[in-house]
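I opened this notebook page to keep track of what I looked up, one topic at a time.

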Amino acid sequence: MRKTAHKPFADWQAEEVEKTFGITRLETLPILVHFKHLHLDTNHPYYSMIEGYRKEAEWRIEGWNEDEYKFLFISPFMKLVDFTNKVYGVFTQRPMSVQYDNGTKTTQGKVEWMLARGRQIPEQPHFFLHEYKPEKNRDNDPLGQLLIAMVAAYEINKDEKPIYGIYVNGRNWFFVGFTGTTYAVSKPYVATTDDIFDLFAVLEYIRGEMDKMYGVTPV
C-alpha cells in the first residue's frame with residue numbers, strides 16, 4: 001500500500017502553496033475591491049465601544065502576548081460583529097485536512113477561527129481568521145498558514161464559492177480573498193488607528209456575504 005506523506009499547516013509558506021496548488025496571487029480581486037469603499041458611520045451603536053478597543057490596543061498591544069491579544073482584543077472585537085446564528089457560527093481549534101499530489105500527500109492542522117455551517121460539526125467553512133500574533137517573535141509565515149487552510153476549505157466545500165480570510169500581524173490586519181485559482185491580499189488595516197472603524201465595516205459586510213452564502217434570511 002502506498003504511504004501518504006503528512007505536512008502540517010504550520011509549515012507552509014505562501015509561495016509554496018502557490019506552486020503546489022497552481023494558485024496565482026493578483027494585486028486585487030473583485031471580492032476585495034468593494035472593501036475600500038466601506039466606512040463606519042459615527043452614529044453606529046458600537047462606535048464608542050470600538051474606539052475604546054482602539055485606545056486599549058494603542059496603549060497595550062506592544063506588551064500583549066498571543067493569548068492576551070486574542071482574549072482581550074480580538075475575541076471581544078469579533079464578537080461585536082455577531083457572526084453566530086442558527087445556520088452557521090464560529091468554530092475554533094478545529095482540525096482540517098486535505099489530500100494533494102494525487103492523494104500521495106496530506107496536509108492538516110487546527111484552524112484557529114472559522115465560520116462554517118453547523119452547530120457542533122463545522123461544514124462548508126467560508127471565512128477564516130488566522131494568527132493571533134503579537135508585535136514580536138514571529139517565526140513563521142502567517143499568510144502561508146491562512147492560505148493553505150483556505151485551499152483545504154475550497155477543496156472540501158466543492159461549491160466554487162469564494163473563501164474569505166484574515167491574518168493578523170500585530171496591529172496590522174490583512175483581508176485575503178481566494179477564488180480557487182487566484183487570491184489577493186488587502187492593504188493593512190492598522191487596528192490602533194482609525195482604520196479600526198473601516199475594519200469593522202468590512203467585517204459587517206462579510207457577515208452579510210456569509211448570510212447570502214448560507215441562505216440566512218436577514219432579520
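In what sense do β4 and β5 pair, and over how many bridges? I note beforehand that I am reading a predicted model. The two strands, β4 and β5, pair in the antiparallel sense, and I find seven bridges between them. As one position in this pairing I wrote down Met96, which stands opposite Gly109 in β5.

**Entry on the hairpin and positive phi**

I then looked at the turn of this hairpin, where four residues lie between the strands β4 and β5 and where Asp101 takes a positive phi near 50 degrees. Asp101 belongs to the loop between β4 (94–100) and β5 (105–111), and with a relative accessible area of 35% Asp101 is partly exposed. I looked up Asp82 as well, which is not a glycine but has a positive phi of about 60 degrees. Asp82 sits in the loop between α4 (66–81) and β3 (88–91), and its relative accessible area of 46% makes this residue partly exposed.

**Entry on β3 and β6**

From that loop I followed the chain into β3, which pairs with β6 in the antiparallel sense over four bridges. Here I noted Tyr88, which stands opposite Arg117 in β6. Is β6 largely enclosed or open? Four of the five residues of β6 are buried, and I therefore recorded the strand as largely enclosed by the rest of the structure.

**Entry on the nonpolar cores**

Next I asked which residues touch the most other members of the largest nonpolar core. This core has 44 residues, and the ones with the most contacts to other members are Phe73, Phe127, Trp173, Phe175 and Leu203. Among the elements that give two or more residues to this core I listed α3 (47–60), α4, β6 (113–117), β7 (123–133) and α6 (195–214). The largest share, eleven residues, comes from α6. I followed Phe73 further and, leaving aside residues up to four places away in sequence, found that Phe73 touches Tyr53, Arg54, Ala57, Trp64, Glu68, Trp173, Ala191 and Ile196. Apart from this core lies another one, of 30 residues, which includes Met96, Phe128, Leu147 and Val185. As background I wrote that in soluble globular proteins nonpolar side chains tend to be buried together.

**Entry on α1 and α5**

How are α1 and α5 oriented to each other? The axes of helix α1 (residues 14–21) and helix α5 (residues 142–157) come within 7 Å and cross at roughly 30 degrees. Angles under 35 degrees count as roughly parallel, and α1 and α5 are therefore roughly parallel to each other. Where they meet, α1 brings Ala14, Val17 and Phe21, while α5 brings Leu143, Gly144, Leu147, Ile148 and Val151. By class I recorded seven nonpolar residues, one polar residue and no charged residues in the contact of α1 with α5.

**Entry on Tyr46**

Last I looked up Tyr46, which is found in the loop between α2 and α3 and which, at 32% relative accessibility, counts as partly exposed. Not counting residues up to four places away in sequence, Tyr46 touches Leu80 and Phe200. I also took down a C-alpha separation of 24 Å between Tyr46 and Asp67, which are 21 residues apart along the chain.

Methods
Residues are numbered from 1 along each chain as its sequence is written. This is a predicted model: local features need pLDDT of at least 70, side-chain atom pairs count only at pLDDT 80 or more; totals for chains, interfaces and linings use all residues. Side-chain values use heavy atoms; hydrogens and water are left out. Buried means under 20% relative accessible area, exposed over 50%, partly exposed in between (1.4 Å probe, protein chains only). A nonpolar core is a set of buried Ala, Val, Leu, Ile, Met, Phe, Trp, Tyr and Cys residues joined through side-chain atoms within 4.5 Å. Contact means heavy atoms within 4.5 Å. Two strands pair if DSSP finds at least two bridges between them. Axes are lines fitted to C-alpha atoms, for helices over the stretch in contact, and angles run from 0 to 180 degrees between N-to-C directions. Angles under 35 degrees count as roughly parallel, over 145 as roughly antiparallel, 65 to 115 as roughly perpendicular and the rest as oblique. Ala, Val, Leu, Ile, Met, Phe, Trp, Tyr, Cys and Pro count as nonpolar, Asp, Glu, Lys and Arg as charged, and the others, Gly among them, as polar.
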